[in-house]
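User: Hi, could you go through this structure with me? I'm new to reading models like this, so plain sentences would help.

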Amino acid sequence: MPDSPKLSGNDRRYERWRWQIFAVTWLAYAGFYLTRKSFSVAKIELAMPDVMGLSKGDMSWMDGANSLAYAVGQFAWGMMGDKFGTRIVVLVGMLLSVIVAMLAGASNVALALGICLAVQGLAQASGWAPLAKNMGEFFSRRERGRVMGWWCTNYAFGGFIATVLAGQAVKWGGTWRYAFWVPALALVLIGVLFVFFQRNRPEDVGLPSIEQYHGEPEAVVAADGSPTQEPEGSWKIVGAVLRNRMVLLLAAVYFLVKPTRYLILYWSPVYVNERLGTGTAESGMLGSMFDLAGPVGTLAGGYLSDRMFQSRRMPVGVIALLSLAILMMGFQYLPLTKAAIGAGLFAAGFLVFIPDSLLSGTAAIDFGTKKGASTASGIVNGCGSIGQIIGVTLPGWVGRFLAEGREIWNPIFFGLGLALALAGLLLVPHWNRVPSEAKPPAPK
């Protein structure tokens, strides 16, 4: 096979492919949210006695099954992404998601719906890690922070669009079933676009690797490894990532971070209502300040890590985590006004999305390398998803252990603050850590 052509760092064809991959992978991950949010919207009707009569307990175990399957799937699909490539894994996951969504919309009993939601969690897990790998193939480390900052806006916008679409689908169709069916059809269209416009690597379209294009040394998983010893699509690279201490550290830190994000995401309206006595709509509006800050945080973290810290991710992560830890421990002391609580939630969203996007996206690609990025992202996000389960169930567990009528939010926020402080401290020794680079060949 002839060598790939040498190109300058601003070749028009190469740049077109890079931003085409950015767009189609961004759309693909946002598209997964279409079938992920259906159940949330359908819950209102499914609780009605003349529909399915689901209780909050029924819905909780369904959400739990979905989250557990999602966590398990992250580990499995991550390794498959490195072994078989992004294209196959994502398309299989999309197809499975569409089929299960159609079956969920046709369900008439709780058990069938619950099984569908569990399988949907498994299908949803096929998206993040392989798509992150795809980005690593087309964007180099020196630019990856800011590019991934923009790319990570997909889950914020995807969740918003999915909720609106599912709600409108129910309104148009007159039944909760359309909350599953219409988003599934939309995901089919996205899958078709993915088939036509996505490719796994620059080499697949006759272009040189991103390292050659940008004149960068290729990163390796093992400090004493070389690109030839770490071949693309081999179980050897998967095993090397599974043994990589930095990837395992990122996974442990993300496990400590994710409970804060998901507790606030799921429970902020309830917290606002209890603290301020606001109604449902106003509580939801104030709670959305957390979501609104998400894209701002991902962009800020990416740009700061690239521009201020020369593509080192740990300094930005440490600063954000320790700042967030202080905010969480002091959250209960904010003035009981709408402005103060809203500003506090916005600040929390800004700070938590910085390490969230850097750990689960950029740093996982950096230290897993483009060859092992899917496995690394799967490990990091799988551990984070376990933390997510803890976060969404914390109010129930804390309320059960405390005496009747006791305030639950003080111990919850203090505990989250401790976890975040520990996460930040675990990263401090790695302040200047960057991926290992391939050693230049010995002179002949």
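**Salt bridges and surroundings**

Analyst: A good place to start is the salt bridge between glutamate 143 and arginine 18, in which the closest N and O atoms are 2.8 Å apart. The two partners come from distant parts of the chain, since glutamate 143 belongs to helix α7 (residues 141-151) and arginine 18 to helix α1 (residues 12-36), with their positions 125 residues apart. Please keep in mind throughout that this is a predicted model.

User: Are glutamate 143 and arginine 18 buried or exposed?

Analyst: Glutamate 143 counts as buried because its relative accessible area is 8%, and arginine 18 is buried as well, with a value of 3%. The cut-off behind this is that buried means under 20% relative accessible area.

User: Which residues are linked with Arg18 and Glu143 in a network?

Analyst: Glu15 is linked with Arg18 and Glu143 in a network of salt bridges.

User: And how many salt bridges are there in the whole structure?

Analyst: A search of the whole structure finds nine. One of them joins arginine 261 to aspartate 356, with the closest N and O atoms 3.3 Å apart. This pair also links distant parts of the chain, as arginine 261 sits in helix α12 (residues 245-276) and aspartate 356 in helix α15, 95 residues away. Both of these residues are buried.

User: What about aspartate 204 and arginine 201?

Analyst: Those two form a salt bridge too, and their closest N and O atoms are 3.8 Å apart. Aspartate 204 is partly exposed because its relative accessibility is 41%, while arginine 201, with a relative accessible area of 26%, is likewise partly exposed.

User: Changing topic: where is leucine 131, and what is it in contact with?

Analyst: Leucine 131 lies in helix α6 (residues 128-138), and it counts as buried because its relative accessibility is 0%. If neighbours within four places in sequence are left aside, its contacts are Thr25, Ala28, Tyr29, Thr86, Val90, Trp151 and Phe194.

User: And serine 385, buried or exposed?

Analyst: Serine 385 is buried, with a relative accessible area of 1%, and its place is in helix α15 (residues 338-401). Apart from neighbours within four places in sequence, serine 385 is in contact with Tyr70, Ala71, Gln74 and Lys258.

User: Which residues form a nonpolar patch on the surface?

Analyst: Val188, Val192, Leu193, Val195, Phe196 and Phe197 form one, and together they have about 500 Å² of accessible area. Valine 188 belongs to helix α9 (residues 178-197) and counts as partly exposed because its relative accessibility is 37%.

User: Now the whole chain, please. How many helices and strands does it have?

Analyst: The chain has 16 helices and two strands. Buried residues make up 53% of its 444 residues, and the accessible surface comes to about 18900 Å², of which 68% belongs to carbon and sulfur atoms.

User: Why is its radius of gyration said to agree with a compact globule?

Analyst: A compact globule of 444 residues would have a radius of gyration near 22 Å, and the chain has 22 Å, so the two agree. The C-alpha atoms fill a box of roughly 75 × 45 × 35 Å along the principal axes.

User: Last one: what is the mean pLDDT?

Analyst: The mean pLDDT of the chain is 85, and 91% of its residues reach 70 or more. Among the elements, helix α4 (residues 86-105) has the highest mean, 96, and strand β2 (residues 436-437) the lowest, 64.

How values were computed: Residues numbered from 1 in each chain as written. Predicted model: local features only at pLDDT ≥ 70, side-chain atom pairs only at ≥ 80, totals over all residues. Heavy atoms only, no water. Patch = residues over 30% accessible without salt bridge, like charges linked within 9 Å, V, L, I, M, F, W, Y side chains within 5 Å. Areas by Shrake-Rupley, 256 points an atom, 1.4 Å probe, with all protein chains shown as cover. Salt bridge = Lys/Arg side-chain N within 4 Å of Asp/Glu carboxyl O. Helix = DSSP H or I, 4+ residues; strand = E, 2+ residues; numbered from the N terminus. Buried < 20%, exposed > 50% of the residue type's maximum accessible area, 1.4 Å probe, protein only. Rg over C-alpha atoms; globule rule 2.2 N^0.38 Å. pLDDT = per-residue confidence, 0-100. Contact = heavy atoms within 4.5 Å.
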